[in-house]
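Hi,

Here is the structure I promised to pass along. Have a look at it first, and then read on for what turned up.

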Amino acid sequence: GMLDESNVALASVSSSYNDTAESKPDQTKSASNLSSTSTTKRKVKCGACGLEGHNRATATPQICPVYNDPKEIDQRAKKLQKKREKASALEREHEEFCRHKEQLRDRSERLREEMLSIQNDLEKSEQYTAEEAERKRKAAEKARRQANR
């Protein structure tokens, strides 16, 4: 059953270790590190007081004896100030992005209007050119008829 399979696996690992320990020591170390790290759970330890079970982020006056220490209060205040500054910077960046987006939208609309105006002018020019060509053709035809009399 399960015990026999684990004994076979253990025997296979130990025999492969004996065969390859000299040629590939890193491979056997990584296999043993993999099994030990997956079974051990990290304990949370506070950087301020050194007690296990909480850290600076989860500390409260009830569980951390150093929580109200002036250095800790100052450190939390500085961290909070950095978070506020970051939030303000992100808000400014967002506002700038929105302004830029609006400027692009306005420019796009102006270009669209300009393009329509140019297309309209082009159509008028083509129509005028066609009418002018027709007038010249008629004038040339009239001149030819008068010259052939």
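**What I found**

At 3% relative accessibility, H54 counts as buried. That histidine sits in the loop between helix 2 and helix 3. Setting aside residues up to four places away in sequence, H54 touches V44, K45, C46, C49, A59, I63 and C64. I'll come back to that loop in a moment, but first the overall picture.

One thing to keep in mind while you browse: this is a predicted model.

**The overall layout**

The protein has three helices and zero strands, so the pattern along the sequence reads α-α-α. Helix 2 covers 25-39 and helix 3 covers 70-147. Of the 149 residues in the protein, buried ones make up 5%, and H54 is one of the buried residues. As for contacts between residues at least 6 apart in sequence, 3% of them join residues at least 24 apart.

**The loop between helix 2 and helix 3**

Back to the loop, then. K43 is found in it, between helix 2 and helix 3, and K45 has its place there too. Are these two lysines buried or exposed? K43 has a relative accessibility of 63%, so it counts as exposed. K45 comes out at 54%, which also makes it exposed, because the cut-off for that class is over 50%.

Both lysines can be paired with a residue further along the chain. K43 and H54 are eleven residues apart along the chain, and their C-alpha atoms are separated by 8.9 Å. For K45 and N55, ten residues apart, the C-alpha separation is 5.5 Å. K45 also touches N55, along with G50, L51, E52 and H54, if you leave out residues up to four places away in sequence. So an exposed lysine, K45, is in contact with the buried H54.

**The cysteines**

How many disulfides are there? The count comes to zero. Take C49 as an example: the closest cysteine sulfur to its own is in C46, at 3.7 Å, and that is too far for a bond because a disulfide needs the two sulfurs within 2.5 Å. Both C46 and C49 are among the residues that H54 touches. C49 is partly exposed, with a relative accessibility of 23%. C98 is partly exposed as well, at 35%.

**A glutamate in helix 3**

E72 lies in helix 3. With a relative accessible area of 9%, E72 is buried, because anything under 20% falls in that class. Which side chain does the E72 side chain make a polar contact with? The partner is the side chain of R56, at 2.9 Å. Apart from its neighbours within four places in sequence, E72 is in contact with A48, R56, V66 and Y67.

**The largest pocket**

R56 turns up again here. The largest pocket is lined by 14 residues, and R56, A57, Q75, R76 and K79 lie nearest its centre. About 260 Å³ of space lies inside this pocket. Sorted by class, its lining has eight nonpolar residues, five charged ones and one polar one.

If you want a place to begin, try R56: it makes the polar contact with E72, and it is one of the residues nearest the centre of the largest pocket. After that, H54 and the residues it touches, including K45 and C49, will take you through the loop.

Cheers

Methods:
Residues are numbered from 1 along each chain as its sequence is written. This is a predicted model: local features need pLDDT of at least 70, side-chain atom pairs count only at pLDDT 80 or more; totals for chains, interfaces and linings use all residues. Side-chain values use heavy atoms; hydrogens and water are left out. On a 1 Å grid over the protein atoms alone, a cavity is a set of points where a 1.4 Å probe fits but cannot get out, and a pocket is an open set with protein on both sides within 12 Å along at least five of seven lines; lining residues have an atom within 4 Å of a point. Grid points are joined across faces, edges and corners, and a volume is the space filled by probe spheres set on the points. Ala, Val, Leu, Ile, Met, Phe, Trp, Tyr, Cys and Pro count as nonpolar, Asp, Glu, Lys and Arg as charged, and the others, Gly among them, as polar. Helices (H or I, at least four residues) and strands (E, at least two) are DSSP runs, numbered from the N terminus. Buried means under 20% relative accessible area, exposed over 50%, partly exposed in between (1.4 Å probe, protein chains only). Contact means heavy atoms within 4.5 Å. A polar contact is a pair of N or O atoms within 3.5 Å; within protein, one must be able to donate a hydrogen and the other to accept it, and residues adjacent in sequence count only if both atoms are side-chain atoms.
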